[in-house]
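The exercises below are meant to be worked with the sequence and the model side by side. Try each task before reading the solution beneath it.

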Amino acid sequence: MSETRSTNEEKKKPPLNGRRAIPSNNSNDEENEVPEIEAFGLIPRGFNPKDYLRVVDIHMFKEPHEINKQQHHTDKYYNPKLIVRRGQIFQIQIDFNRPYRPETDQFWLEYLIGRYPQQNKGTYIPILVGNVLKDGEWGAKITHKENNSIQLSIMSSATCIVGKFRLYIAVWTPFGIIRTQRNSATDTYILFNPWCQQDAVYLDDEKEREEYVLNDVGIVFHGNINDIKLRSWSYGQFEENILDACLFLMDKAELELSGRGNPIKICRVASAVINSRDDNGVIAGSWDNTYTYGVAPSAWTGSVDILLEYYSSKQPVRYGQCWVFAGVFNTFLRCLGIPARLITNYCSAHDNNANLQLDFFLDDEGKVDTKLTKDSVWNYHCWNEAWMTRPDLPVGFGGWQVVDGTPQETSDGMYRCGPASVQAIKHGHVCFQFDAPFVYAEVNSDIVYSRRQKNGIQVIEKIDTTHVGQLIVTKEVGGDGMMEITEEYKFQEGSEEERLALETAVMYGVKKQSTQDVYQPQTDVDMDFQVQKAVLGSDFKVTITFRNRSHNYYTVTAYLSGNIVFYTGVANECNNLSFSAKLQPSSSSAFDVVIKASEYLSDLLDQASFHFFVTAQINETGKILAMQKATVLEIPALRIKTQGELVAGKVMSVTVEFTNPLKQTLENVTLRLEGPGVLRTMKKEFRQIPANSTLIWEVKSIPRQPGLRKLIASLDSNALRHVYGELNIQIQKP
């Protein structure tokens with residue numbers, strides 16, 4: 001008997017910690033017990049709490065069509081509780097057992113969060129009823145009295161904690177305080193408020209707020225610089241249980257509740273918890289083209305399935321690559337009310353030693369030495385930008401901040417990146433936290449080709465200063481088009497400002513080796529090559545052109561290496577050939593190489609992407625010309641159609657069609673279809689789709705909300721990935 005008692009007591013009593021009286025308060029989910037009667041001393045025998053003012057009911061006005069959710073732009077959340085944004089007035093109504101008499105009756109509101117509420121930490125907020133409300137500070141005032149009811153306007157602080165608060169109403173009596181019972185129906189979510197000038201995430205453009213906070217679908221740009229592809233992604237930040245799943249991520253990251261009013265802290269911990277490295281976070285990355293026991297990164301159509309699976313299983317969801325990390329991160333940020341957008345950087349440098357140069361080592365024949373070459377250029381890389389002020393940095397570095405949940409390098413011992421000010425990156429002020437040097441290198445590195453000669457000396461053959469960070473884009477505001485934002489990150493190539501930004505970055509410790517003295521390129525011969533646009537499953541050709549601008553007669557030995565690559569630049573060689581060419585003085589000559597489908601189909605990786613590397617040695621001078629380019633094959637799309645009328649609350653029919661373009665049967669095919677506000681993700685497995693045959697899949701659903709919506713579908717199989725389709729539909733009001 002005594003044993004069980006002592007274990008119960010141990011449960012209640014937190015472990016002793018010599019440094020702090022109260023344990024850390026880092027879970028929004030845990031609660032403390034609040035006494036319903038808090039006596040001031042001995043209670044006299046005749047005391048009956050029912051003789052005093054008593055709360056009978058509390059009305060939260062929490063329906064989507066009611067005043068609170070309408071005014072706070074939270075009417076789209078599929079969540080029955082009250083959701084408001086901080087620093088803005090909301091209304092509640094209290095029904096008492098008799099009319100409220102301000103002269104003698106005294107009551108107040110209490111908002112609590114977490115298990116150890118404390119007033120000085122912002123986790124216990126008592127609010128007295130007053131006559132005036134101050135902008136952006138906690139307060140309450142009575143706006144209407146009728147019979148036994150009063151209506152209150154409540155103002156929350158513009159810097160308060162973001163999360164789910166519990167509400168109690170306390171009434172003062174001469175003998176003690178009487179509180180309402182714990183009632184989860186009155187729980188109140190408080191979110192960031194981009195509409196409020198005092199909020200750190202205030203954004204002053206209504207069109208941008210509608211895009212970066214309220215839009216629940218977006219576009220991911222992928223492919224490569226010469227062949228930009230796009231696909232839709234469903235963020236689904238308003239879908240059922242997503243808000244709770246996002247709050248759970250902050251619990252998982254063990255972010256102290258008192259720090260949850262600060263978007264800088266939230267972004268920093270979220271960039272670590274979005275990936276599973278070192279903290280069992282949301283998504284496990286995989287770049288090895290085998291996705292056994294999981295979903296291929298290309299098969300996901302949105303964030304909702306991933307977040308809900310993680311919220312219920314508490315185990316990393318398999319698998320993701322950069323756009324999946326960025327898509328889920330964007331959902332998290334928009335859901336909490338932080339304006340956010342998904343960015344694609346084409347030709348993104350992954351510089352393993354942050355020295356602002358990517359080193360490609362060639363062997364003495366001019367082929368890339370894959371054992372020595374550790375740096376890589378990703379065809380593209382996706383990250384996020386979040387909008388906030390940066391009071392921790394000098395003036396001028398607020399606004400868009402880079403945050404990146406893809407695990408690339410560690411920062412302060414964990415796989416995370418950001419927030420780094422875009423403005424600071426542009427001007428080379430990489431000393432400002434967090435991780436600016438890494439992002440600066442992603443968009444600004446030079447590619448240095450060097451060759452080890454027979455005597456062991458490394459010779460620099462070519463420096464390409466313009467290949468990396470050629471194009472940085474995001475979805476345009478209010479449409480599905482592409483908006484270029486390269487000049488937000490860097491000045492014009494070759495401009496005086498660009499040189500100054502580079503010098504600043506170097507001054508602040510970005511390593512850059514001096515290469516000018518050793519490197520004398522061949523200037524009178526130009527080399528270029530073009531890759532023919534091709535559909536997956538067909539042959540295509542690569543044309544290499546030399547232009548000899550000199551009066552000399554040259555001969556070259558050229559080497560073409562064709563690699564099937566991941567978008568991260570990691571390769572599988574599939575073609576290589578050498579040829580010699582004679583270059584007549586002052587003339588151009590072109591050479592064609594055919595790449596056969598039969599040679600590449602068996603090795604094709606995820607994104608049907610090729611990377612070609614051409615090096616050519618001019619025999620007379622020993623100099624080397626080098627160039628690299630990527631190309632992506634055209635992959636057929638899914639076709640989505642709807643039948644009948646599209647009305648909110650009524651059954652509609654959707655069909656997805658696909659024709660297999662390959663000369664082989666596709667096996668173990670998975671189709672996915674989703675559309676926020678229209679249908680939850682549906683999945684269907686097909687054993688086989690024979691060559692050239694068409695599959696048709698019909699589903700029924702009941703759309704929830706009227707307005708312009710988007711349906712997004714994907715097809716996944718081992719032989720074919722990155723097959724997408726989408727359809728914009730207008731759902732009518734019933």
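**Exercise 1. The chain as a whole**

What percentage of the 734 residues of the protein chain count as buried?

Solution. The model is a predicted one, in which local features need pLDDT of at least 70 and side-chain atom pairs count only at pLDDT 80 or more, while totals for chains, interfaces and linings use all residues. Residues are numbered from 1 along each chain as its sequence is written, and side-chain values use heavy atoms, with hydrogens and water left out.

Begin with the term itself: buried means under 20% relative accessible area, exposed means over 50%, and partly exposed lies in between, with a 1.4 Å probe and protein chains only. By this criterion, 55% of the 734 residues of the protein chain count as buried.

Next, describe the fold: the secondary structure comes to 12 helices and 40 strands, where helices (H or I, at least four residues) and strands (E, at least two) are DSSP runs numbered from the N terminus. The C-alpha trace spans about 115 × 60 × 60 Å along its principal axes. Finally, take contacts, meaning heavy atoms within 4.5 Å: among those between residues at least 6 apart in sequence, 68% join residues at least 24 apart.

**Exercise 2. The annotated active site**

Locate the residues that carry the UniProt feature "active site", and describe the surroundings of Asp404.

Solution. The unreviewed UniProt entry places this feature at Cys322, His381 and Asp404. These residues are spread over 83 residues of sequence, yet they cluster in space, with a largest C-alpha distance of 10.0 Å. UniProt positions are given in the numbering used here, feature names are shortened, and annotations may be inferred rather than shown by experiment.

Then place two of the residues in the fold. Cys322 is found in helix H7, residues 322–336, and counts as buried because its relative accessibility is 0%. Asp404 belongs to strand S19, residues 399–404, and also counts as buried, at 2% relative accessibility.

Now list the partners of Asp404: leaving aside neighbours within four places in sequence, Asp404 is in contact with Ser271, Phe329, His381, Cys382, Trp383, Arg416, Cys417 and Glu442. In addition, the side chain of Asp404 reaches the backbone nitrogen of Thr406 at 2.9 Å.

**Exercise 3. Helix H5**

Why is helix H5 (residues 263–273) described as largely enclosed by the rest of the structure?

Solution. Helix H5 is so described because 10 of its 11 residues are buried. Among these buried residues are Ile264, Cys267, Arg268 and Ser271. At the N-terminal end of H5, Asn262 acts as a cap, with a side-chain oxygen 2.8 Å from the backbone nitrogen of Ile264.

**Exercise 4. The annotated binding site**

Identify the residues covered by the UniProt annotation "binding site", and compare the settings of Asp446 and Glu493.

Solution. In the unreviewed UniProt entry the annotation covers Asn444, Asp446, Glu493 and Glu498. Although spread over 55 residues of sequence, these positions cluster in space, the largest C-alpha distance being 13.5 Å.

Asp446 lies in strand S23, residues 446–452, and is buried, with a relative accessible area of 12%. Glu493, by contrast, lies in the loop between helix H10 (486–489) and helix H11 (496–507), and is partly exposed, with a relative accessible area of 35%. Not counting neighbours within four places in sequence, Glu493 is in contact with Thr465, Thr466 and Glu498.

**Exercise 5. Asp227 and its partners**

Is Asp227 buried or exposed, and with which side chain does its own side chain make a polar contact?

Solution. Asp227 lies in strand S13, residues 227–234, and is buried, with a relative accessible area of 8%. A polar contact is a pair of N or O atoms within 3.5 Å; within protein, one must be able to donate a hydrogen and the other to accept it, and residues adjacent in sequence count only if both atoms are side-chain atoms. The side chain of Asp227 makes such a contact with the side chain of Lys229, at 3.3 Å. Not counting residues up to four places away in sequence, Asp227 touches His222, Lys533, Val632 and Glu634.
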